[in-house]
Amino acid sequence: MAVDGNWNLTMTTPMGERNSTLSLKAAGGTLTGTQGVEGNTAEIFDGTVNGDNVSWKVSIDKPMPLTVEFTGTVAGDSISGEMGIGPMGSFPFTGARA
C-alpha cells in the first residue's frame, strides 16, 4: 500500500512544533506500526486505512498520560492531517516519507 514505510512528521502542539518518526504497515484495512517522539517509541493501535485515508491512535506518557488520535491523508511521499490531543483540541501535522 502507498502508506507503508517510514515517515518523518512535524506536529503542531500547544507546546510548539514537535518532530516524530512513524513506521506504518497496511494489511487490508488495518494499519499497524510504531511512532516515536524524543526517544520514546510506542505501538500504534486502532489503525485503519481506506484508500489514501489513514487513522491511528498512540498512547503517550510525556508530558502527561493521554491518547493522541491521528487522522490524515497520504499523497505520494507526503502525509498530512489532524491530531486530537484529548481536552486540548485538534492540531495539524504534516510529514514526508523518510
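Two rings of Phe, Tyr or Trp make a pair if their centres lie within 6.5 Å, with the six-membered ring standing in for Trp. By that yardstick, this predicted model holds 3 aromatic pairs. Take W56 and F70 to begin with: their ring centres sit 4.8 Å apart and their planes meet at just 5 degrees, so this pair is stacked. Planes under 30 degrees apart are what earns that label. W56 belongs to strand 6 (residues 53–60) and F70 to strand 7 (residues 66–75), so the contact ties together parts of the chain that are 14 residues apart in sequence. Both rings come from residues tucked away from solvent. W56 is buried, at a relative accessible area of 1%, and F70 counts as buried too, at 2%.

F70 has another aromatic partner, F93, and here the geometry is edge-to-face, with 5.4 Å from centre to centre and 75 degrees between the planes. This contact also reaches across the chain, from F70 in strand 7 to F93 in strand 9 (residues 90–97), a separation of 23 residues. F93 is buried as well, with a relative accessible area of 1%. Put together, W56, F70 and F93 make up one aromatic cluster.

Next comes the charged side of things. The model contains 4 salt bridges. In one of them, K25 and D4 meet through their side chains at 3.5 Å, N to O. K25 is part of strand 2 (residues 16–27), while D4 lies in the segment before strand 1, so the bridge ties together parts that are 21 residues apart in sequence. Another joins E38 to R18, with an N to O distance of 3.1 Å. That one links the loop between strand 3 and strand 4, where E38 lies, to R18 in strand 2, and the two residues are 20 apart along the chain. The two ends of this bridge have contrasting surroundings: E38 counts as exposed at 62% relative accessibility, whereas R18 counts as buried at 17%. The cut-off for buried is under 20%, so R18 with its 17% falls on the buried side.

A further salt bridge brings together the side chains of D46 and K57, at 3.4 Å from N to O. D46 is in strand 5 (residues 45–50) and K57 in strand 6, so parts that are 11 residues apart in sequence are tied together. K57 counts as partly exposed, with a relative accessibility of 24%.

The acidic residues of the last two bridges turn up again in the backbone. E38 is not a glycine, and yet it has a positive phi of about 50 degrees. As noted, this residue sits in the loop between strand 3 and strand 4. D46 is also a residue other than glycine with a positive phi, in its case near 55 degrees, but D46 lies in strand 5. There is a glycine to mention as well: G86 takes a positive phi near 45 degrees in the hairpin of strand 8 and strand 9, a hairpin with 4 residues between the strands.

That hairpin leads on to the strand pairing. Strand 8 and strand 9 run antiparallel and are joined by 7 bridges. Strand 9 pairs with strand 1 too, again in the antiparallel sense, over 5 bridges. T94 in strand 9 takes part in both pairings: T10 stands opposite T94, and T94 is also the bridge partner of S80. Strand 9 is the strand that carries F93 of the aromatic cluster as well.

Finally, there is the matter of pockets. The largest one has a volume of about 500 Å³. It is lined by 25 residues, and those closest to its centre are R18, V37, I60, K62 and P63. R18 is a familiar name here, being the salt-bridge partner of E38. The lining draws on many strands: strand 1 (5–13), strand 3 (30–37), strand 4 (40–43), strand 6, strand 7 and strand 8 (78–85) each supply at least two residues. By residue type, the lining of this pocket divides into 15 nonpolar, 6 polar and 4 charged.

Key: Residues numbered from 1 in each chain as written. Predicted model: local features only at pLDDT ≥ 70, side-chain atom pairs only at ≥ 80, totals over all residues. Heavy atoms only, no water. Phe/Tyr/Trp six-rings, centres within 6.5 Å; stacked < 30°, edge-to-face > 60°. Buried < 20%, exposed > 50% of the residue type's maximum accessible area, 1.4 Å probe, protein only. 1 Å grid on protein atoms, 1.4 Å probe; cavity = no way out; pocket = protein on both sides within 12 Å on 5 of 7 lines; lining within 4 Å. Points joined across faces, edges and corners; volume = space filled by probe spheres on them. Nonpolar A, V, L, I, M, F, W, Y, C, P; charged D, E, K, R; others polar. Pairing = 2+ DSSP bridges.
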